[in-house]
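Here's a walk through the model, from the way one chain is divided up to the cores, the charge pairs and a few backbone oddities. Keep the structure open and click along.

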Amino acid sequence: MSAPVLDLAVDTPGAERMGFFTDTTVCIGCKACEVACKQWNDLPADGAAWAKGPSTYDHTESLSASTWRHVRFVERLAPSPEDRVAARDILAAGGGGGVPDIPAARGGAAPMPSVEALGGAGAGAGAGEMPDLVSMAERASSGSATNGGPGGDRGGPPNAEGFDVRQAVENMDRWIFMSDVCKHCTNAGCLDACPTGALIRTEFHTVLLQPDVCNGCGYCIPACPFGVVDRDALDGRAGKCTLCYDRLRDGMEPACAKACPTDSIQFGPYDELVDRARGRVIELERRGFDGAYLYGAGDEPGQELAGGLGAFFLFTEPPERFGLPAQAESPIQENVVPATLAAVGAGVVAAAGVAVAFLASGRKP
Amino acid sequence: MAEAHPVGFRWVMKAKERGATIIHVDPRYSRTSAMADMHVPIRAGSDIAFLGGIIRHILETESYFKEYVVNYTNAATIINEDFQGPEELDGYFSGWDSEHQAYDRSSWMYEGVELAESAKMRETATQAFAEKTGAGMKVEHMRSDETLEDPRCVFQVLKRHYARYTPEMVERVTGIPPETFHKVADALIRNSGRERTSALCYAVGWTHHTSGVQIIRASAIMQLLLGNMGRPGGGILALRGHASIQGSTDIPTLYDLLPGYLHMPRTRAEAQSLDKYAGRGRGTRGWWSHFDKYIISLLKAWYGEGATEENEYGFQHLPKISGNHSHFPTMLRALDGALDGLFVMGQNPAVGSQHAGLQRRALAGLKWLVVRDLADLETARFWKDSPEVRSGEMKTEDIQTEVFLMPAASHVEKEGTFTNTQRLLQWHDKALASPGDARSELWFMHHLAKRVKARYEGSTDKKDWPIVNLRWDYPEHGETAEPDAESVLREINGYNIETGELLSGFVDLANDGSTACGAWIYSGSFADGVNQTRRRDAGDLEAPGGWVSPEWGWAWPANRRQLYNRASADPAGNPWSERKKLVWWSEEEEKWTGWDVPDFPATKRPDYRAPDDAEGMDAISGDDPFIMMGDGRAWLYSPSGLLDAPLPTHYEPIESPFTNALYPNVESNPVGLTWKRADNPYNASGDPRYPLVATTFRLTEHHTAGTMSRNLPWLAELQPEMFAEIDPILARERGIEDGGWMTILTERAEIEARASVTDRMRPLRIDGQLSHQVALPWHWGSFATSDAGVTGDATNDLIVLSGDANTSIQESKAFSCDVRPGRRREQSTAKLAGVRETDGKPTSPGRDHIAERPLKA
């Protein structure tokens, strides 16, 4: 499917929609993309600080005004016993939601853990769940093999002598890496919200933020459903991935795509990328690997994320694992446009009503 | 590999896309494991038990590639009747000399083969190639049993040696459960043979052990039994760790090697002449029979007209080694006040070398120190700031070392070649001028040599001969008088001295002084006057054999991409299979042909049988692919050349929480290098104070000792702090919180790190008990060039000075430690403050230091 007609700010003959296809199944988490992007765009470091968060290799934590490619590390760590209790209570009360309904997804690789699985701490019963080694050790020490409470014997250090190392090895699951980036949406919330025209649509159908026009109002920030664009604290202006507009103008590929050693980041004409990505999903299925799906491309019209993402992904986990929403739309498109239409429509109806009333009253002007 | 060689890992990912099975064996579940089909957690330091178990399994199930093994390895050769192994001698091999803590290796030899005198001796360093390859073997009385049944044939000796490496023993020692073990063994067996091949990739996880060379040998035995050597998609790939570290051993910076892996001559009486050194008249077999051509051409390159037949081409003026002059003994010498000066170029021993506290203290013993690097670093600042200065142990005002810090050019600021792990040379041009006074190594050494030569010009003193006669006429260009790197490569390639014509390969080298060559293995890199290393044509990758890409760069030797590729064809010269063809014999053309440059004499017929008294390459038959070996065969059993064993044997690391389950009588490698000094203490096996296995690893985000990465904000922010990875059970036991501080302690020091508590580290069951490993990256040091950089404690402060007997490489991949929550209480190396030991008499620079002698100290 080709992109809907967009309002382009730049007209270059022969230019077509370009995008990113980021295939997380071949990402090795090397972060070359993050560094190549900073180097090409001469962006400052965000500051070296140990990130809060469990045993992670991710210390830059998110996209920002000065981090335009960011590698997420999805660690399949089991929640703590306290978290398990809290989650179990929420589910029992009917809250917490469920697996997001993503049209193109095949149900995701790992459904939400069941209440039973949460109750049996560390049972590793859920498909693909990582074992909670501490809880397993505690269970082993308390002698109970099944659904003992998650608290277990917490009086002293666990006696791990009954601990089944083999089982822990079997239960070890994946460590997943994903290079996050601006999605260059078809319905771009940031572009719709920008009052100054700093954000424009280029001839490559990418969303470009022009820093010399930006007044730092920050309206774009809440308008992005993916949490991409942000304002620089020192500079005051917003910043985000340009899909290396300057490199594209010279016929070159973006810096991140060039640096990626495993071709996880692929760049090219949008339609070609979508075809290639669909083939990749099929290839993975053929190899017996279920659960891969495209996020942001290949969806039915009306079911797309923000009208379809110029930078789309191949995931093997629900999008929430990557900090992304199951549903997304430009807030302006979703709310303002219908509201405006409704208001205009109401105004037309009202005007028509006045006209009718006027004519019906027989009054001569 | 994904973490330390991300670009190289690209090829592993492509293989995976083509259906290859990837198995990752490592104490940590790393970014590589995330991409692998299987991760096998292993106890650091137990690799020989694992590989030995696979070897035993292959032999027991008769899963070896029989035709390959019988024809291409020394499986059938009969061993000396006096040979005995650890099964019979309670952990030792025959010939153990406990007084000298070394082996008399004469009983290890093949039956009926005369052993070179030098091979019987205790040694400290890389063996001469005659010993390593058996080039000097007299084989008239060598016997073999092609049925592989004689109890003294290599095959049967191998079987007996590994008989007790059962899957149950493997589990006891390594923590790998039998089901996992069998999955790995079956995958290897299934993917080896005529139609399929398997490759092993390794790096310092295998070499940084006191039995490092033996670990590699065990992998070689396994690959030979499976028939994977010399075959496409097979082999053993040593993943070198830096852009050109392969080049730095090819054109060596190592004390015991001359360019092209010729060995440094020794002070031994029988090595004191060129004839003896080059093995002339010894009836050498195989390719090393041309040894004299390589050394003479090298001497002509170095000493020019001064090198003549009459003066043995200047051979007598080469430095001779009398013992182990590698990094650690040299630093111990400095520590004991017997070393005047040191050049440290592109290295940061204050952070990057074993027992870093000792390294820093040793620097203070020098009179002068020259440091060349891209930025200021800990090694150049030891006198001003270091854990020892902070603790007050060393006082800046008392340190007498004069330190020169010279700025170095980065790789984009100079031209030259990189030689990568594939032995591939790739030329790179200079892209930028270097700032200020920063200069390339080439510039530095070139101009230093010119000044030294000017100082000694006209001297007739014998000791000055090598400087006076040093041939040093490289053209210079540009404002900074940069020497022309291509002129250096031309000399390395070799040329005819009279005509100046560049040689096309090492077969053109002569032993009569008519040729000069800087490194025989690189000869051909400038063939036809063309810089072959500049080539970047990948060719048609889809064509049959197109994947070899012979016109991309230039590989040594002779642009051969796969060594020993004769083994990719059967004894009759036909490929083992159509799928795995690489080189083969063409009867029509009467020569070897194929996708790669054949690693075999071009016109030697497969059916040629060498007479017993043949010499040189005539002694190699048409079905002996391993042409560098005296018997033309790959060595399952190594009759000479290694100092510690003819067959890899499981020993524990020098420091281990466990005793040797296989040979309780011999804890660790008896020939492993240790320096028993008060300032180099290590704890005994099973010491309860240090019950955890410690290992080290590297991150993608940082590079070695951190000078190139910790100062760069874009990299510093990716991995800002030193951390240690531990499993949740250990964390719970010790009260360590994820993200909080923890302290790691050893006999030498204690360092602090952030705790990374993760299920990616798994406890293993060793000999029935739950064992924990602590994984430590080692990129942090005390100095950064700005606030935007990052600092932290140095892992190397923890580790004892020790080494492999054959290579002197340190054992940093497995040692023992303990951990506790919280930050360290004092400076990291305070434990050994003021502890010194000066062994024996103080030595002057001209005499050997005791640490350098071929004995355990």
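In this predicted model, the domain assignment splits chain A into domain 1 (5-77 + 176-322) and domain 2 (335-361). The C-alpha centres of domain 1 and domain 2 of chain A sit 42 Å apart.

Now for the greasy parts. In soluble globular proteins, nonpolar side chains tend to be buried together. The largest nonpolar core here has 111 residues, and the members touching the most others are Phe20(A), Phe226(A), Tyr295(A), Phe312(A), Ile744(B) and Val774(B). Helix 10 of chain A (residues 270-286) supplies the largest share of this core, with six residues. There's also a second, separate core of 75 residues, including Ala49(B), Ile79(B), Tyr162(B) and Tyr663(B).

If you want a residue from the largest core to zoom in on, try Phe226(A). Leaving aside residues up to four places away in sequence, Phe226(A) touches Lys183(A), Cys185(A), Tyr295(A), Leu309(A), Leu324(A), Pro325(A) and Ala328(A).

On to the charges. Side chains of opposite charge can pair when their charged atoms come close. Over all chains, the count of salt bridges comes to 62. Here are three of them, all in chain B:

| Salt bridge | N to O distance |
|---|---|
| Arg534(B) and Asp429(B) | 2.8 Å |
| Arg605(B) and Glu587(B) | 3.2 Å |
| Arg677(B) and Asp679(B) | 2.8 Å |

The pair of Arg534(B) and Asp429(B) links distant parts of the chain, 105 residues apart. Arg534(B) is in the loop between strand 17 (515-516) and strand 18, while Asp429(B) is in the loop between strand 13 (424-428) and helix 20 (441-456). Arg534(B) has a relative accessible area of 39%, so it counts as partly exposed, and Asp429(B) is partly exposed too, at 43%.

Arg605(B) and Glu587(B) are 18 residues apart, with Arg605(B) in the loop between strand 20 (591-594) and strand 21 (673-674) and Glu587(B) in the loop between strand 19 and strand 20. Arg605(B) is partly exposed at 29% relative accessibility, and Glu587(B) is partly exposed at 40%. What about Arg677(B) and Asp679(B), buried or exposed? Both are buried.

Some charges go beyond simple pairs: Lys31(A), Glu3(B), Arg28(B), Arg31(B), Glu701(B), Glu725(B) and Arg760(B) are linked in a network of salt bridges.

Lys581(B) deserves a stop as well. This lysine lies in the loop between strand 18 (554-555) and strand 19 (583-586) of chain B. Why does Lys581(B) count as buried? Because its relative accessible area is 19%, and the cut-off for buried is under 20%. Its side chain makes a polar contact with the side chain of Glu578(B) at 3.3 Å. Beyond four places in sequence, Lys581(B) touches Pro232(B), Pro575(B) and Trp595(B).

Pro557(B) is also in the loop between strand 18 and strand 19 of chain B. Most residues other than glycine have a negative phi, and most peptide bonds are trans. The bond from Trp556(B) to Pro557(B), though, is cis, with omega near -10°.

Two residues that aren't glycine have a positive phi: Ala481(B), at about 55°, and Thr704(B), at about 40°. Ala481(B) is in the loop between strand 14 (476-477) and strand 15 (482-483) of chain B. Thr704(B) is in the loop between strand 22 (692-697) and helix 23 (713-716) of chain B, and at 17% relative accessibility Thr704(B) counts as buried.

Note on methods
Residues numbered from 1 in each chain as written. Chains lettered and ligands numbered in written order. Predicted model: local features only at pLDDT ≥ 70, side-chain atom pairs only at ≥ 80, totals over all residues. Heavy atoms only, no water. Helix = DSSP H or I, 4+ residues; strand = E, 2+ residues; numbered from the N terminus. Buried < 20%, exposed > 50% of the residue type's maximum accessible area, 1.4 Å probe, protein only. Polar contact = N/O pair within 3.5 Å; in protein donor to acceptor, adjacent residues only side chain to side chain. Contact = heavy atoms within 4.5 Å. Domains from an automatic or database assignment. Core = buried A, V, L, I, M, F, W, Y, C linked by side-chain atoms within 4.5 Å. Salt bridge = Lys/Arg side-chain N within 4 Å of Asp/Glu carboxyl O.
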